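User: I have a new structure open and don't know where to begin. Can you walk me through it?
Analyst: Yes, once it is on the screen.

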Amino acid sequence: TLMLGWFKGAHDVGMYGAAQRPILLLYALPALFATSLFPLFSKYAFVNKEKFKNILEVSLTLSLAAVLPIVAGGVIVARPLILLLYGGEYDSASIAFGVLLFTLPVVFPSFIIGDAIVAYNGQRTFFLFSTIGAVGDIILNLFLIPTYGIMGAAVSTVAAQLITNVVIWYKLKRFNEFQV
């Protein structure tokens, strides 16, 4: 949002904010789910890797099963939803909203993966990869926002989250070999 304001101005910041707000609200769902799982991850991380693996696999599967219909439905109703929430003057936010919906299948499991890594005392690793993701997002924003505006910001967000979370996913596989 800050970089969008620098490169494009208040109008684009408003449009992006309108697209982003419902997405941020949806981020609360996996955060609550992952928070409820953390005590189990902490309990089994070093004691029973098989139990940890089972909880992780089931929770990731449930997370993905919940988010995929949300994304599909969200893409279908993106424009009417933005118009309902904000009115016709925010119509241009609906395309960015549709793009930002693709952060959900990345973010939903990433909350669980993040807590699982922390249960294995991998806070530094998680922080490092999150920092790399933030820097990657900044770099992508520098290239995409000047030309593509809010669409560039949305694509940058999706790409940075995807890259970061793929790396974090594989890092957790070093602690505990799991499958979904």
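**Salt bridges, a helix and two pockets**

Analyst: A place to begin is the salt bridge between the side chains of Arg79 and Asp91, with N and O 2.7 Å apart. Keep in mind that this is a predicted model.

User: Which parts does the pair of Arg79 and Asp91 tie together?
Analyst: Arg79 belongs to helix H3 and Asp91 to the loop between H3 and H4, so the pair links parts that are twelve residues apart in sequence. Arg79 is partly exposed at 47% relative accessibility, and Asp91 is partly exposed too, at 27%.

User: How many salt bridges does the structure hold?
Analyst: There are two salt bridges. Besides the pair of Arg79 and Asp91, Glu177 forms one with Lys173, where the closest N and O atoms are 3.2 Å apart.

User: And are Glu177 and Lys173 buried or exposed?
Analyst: Glu177 counts as partly exposed, with 48% relative accessibility. Lys173 has 18%; the cut-off for buried is under 20%, so Lys173 counts as buried.

User: What about Lys171, which side chain of opposite charge is nearest?
Analyst: That is Glu177, 13 Å away. Lys171 is buried and has no salt bridge. Lys171 sits in helix H7 and touches Thr125 and Phe129, leaving aside residues up to four places away in sequence.

User: Switching topic. Why is helix H4 called largely enclosed?
Analyst: Helix H4 covers residues 93-100, and seven of its eight residues are buried, so the rest of the structure largely encloses it. The buried ones are Ala93, Ser94, Ala96, Phe97, Gly98, Val99 and Leu100.

User: What do those buried residues of H4 pack against?
Analyst: Four helices: H2 (10-44), H3 (49-86), H5 (104-119) and H7 (150-175).

User: Now pockets. How much space lies in the largest pocket?
Analyst: About 320 Å³. It is lined by 15 residues, and the closest to its centre are Ser110, Ser130, Gln161, Thr164 and Asn165.

User: Which helix gives the most to that largest pocket's lining?
Analyst: H7, with six residues. H5, H6 (123-148) and H7 each supply at least two. By type, the lining of the largest pocket has seven nonpolar residues, seven polar and one charged.

User: And the second largest pocket, how much space is there?
Analyst: About 250 Å³. There are 17 lining residues, with Thr1, Tyr16, Gln20, Asp137 and Thr157 closest to the centre.

User: Which helices supply at least two residues of that lining?
Analyst: H1 (2-7), H2, H6 and H7 each do, and H2 gives the most to the second largest pocket, with five residues. The lining divides into ten nonpolar, six polar and one charged.

User: Since H2 came up, what does Val13 touch?
Analyst: Val13 is in helix H2. Not counting residues up to four places away in sequence, Val13 touches Thr1, Leu4 and Gly5. Val13 is partly exposed, with a relative accessible area of 24%. The C-alpha atoms of Val13 and Asn54 are 43 Å apart, and the two residues are 41 residues apart along the chain.

User: Last one. What is phi of Asn121?
Analyst: Near 60°, which is a positive value in a residue other than glycine. Most residues other than glycine have a negative phi.

User: Where is Asn121, and is it buried or exposed?
Analyst: Asn121 is in the loop between H5 and H6. Asn121 counts as exposed, at 56% relative accessibility.

Note on methods. Residues numbered from 1 in each chain as written. Predicted model: local features only at pLDDT ≥ 70, side-chain atom pairs only at ≥ 80, totals over all residues. Heavy atoms only, no water. Buried < 20%, exposed > 50% of the residue type's maximum accessible area, 1.4 Å probe, protein only. Contact = heavy atoms within 4.5 Å. 1 Å grid on protein atoms, 1.4 Å probe; cavity = no way out; pocket = protein on both sides within 12 Å on 5 of 7 lines; lining within 4 Å. Points joined across faces, edges and corners; volume = space filled by probe spheres on them. Nonpolar A, V, L, I, M, F, W, Y, C, P; charged D, E, K, R; others polar. Lys, Arg positive; Asp, Glu negative; His and termini not counted. Salt bridge = Lys/Arg side-chain N within 4 Å of Asp/Glu carboxyl O.
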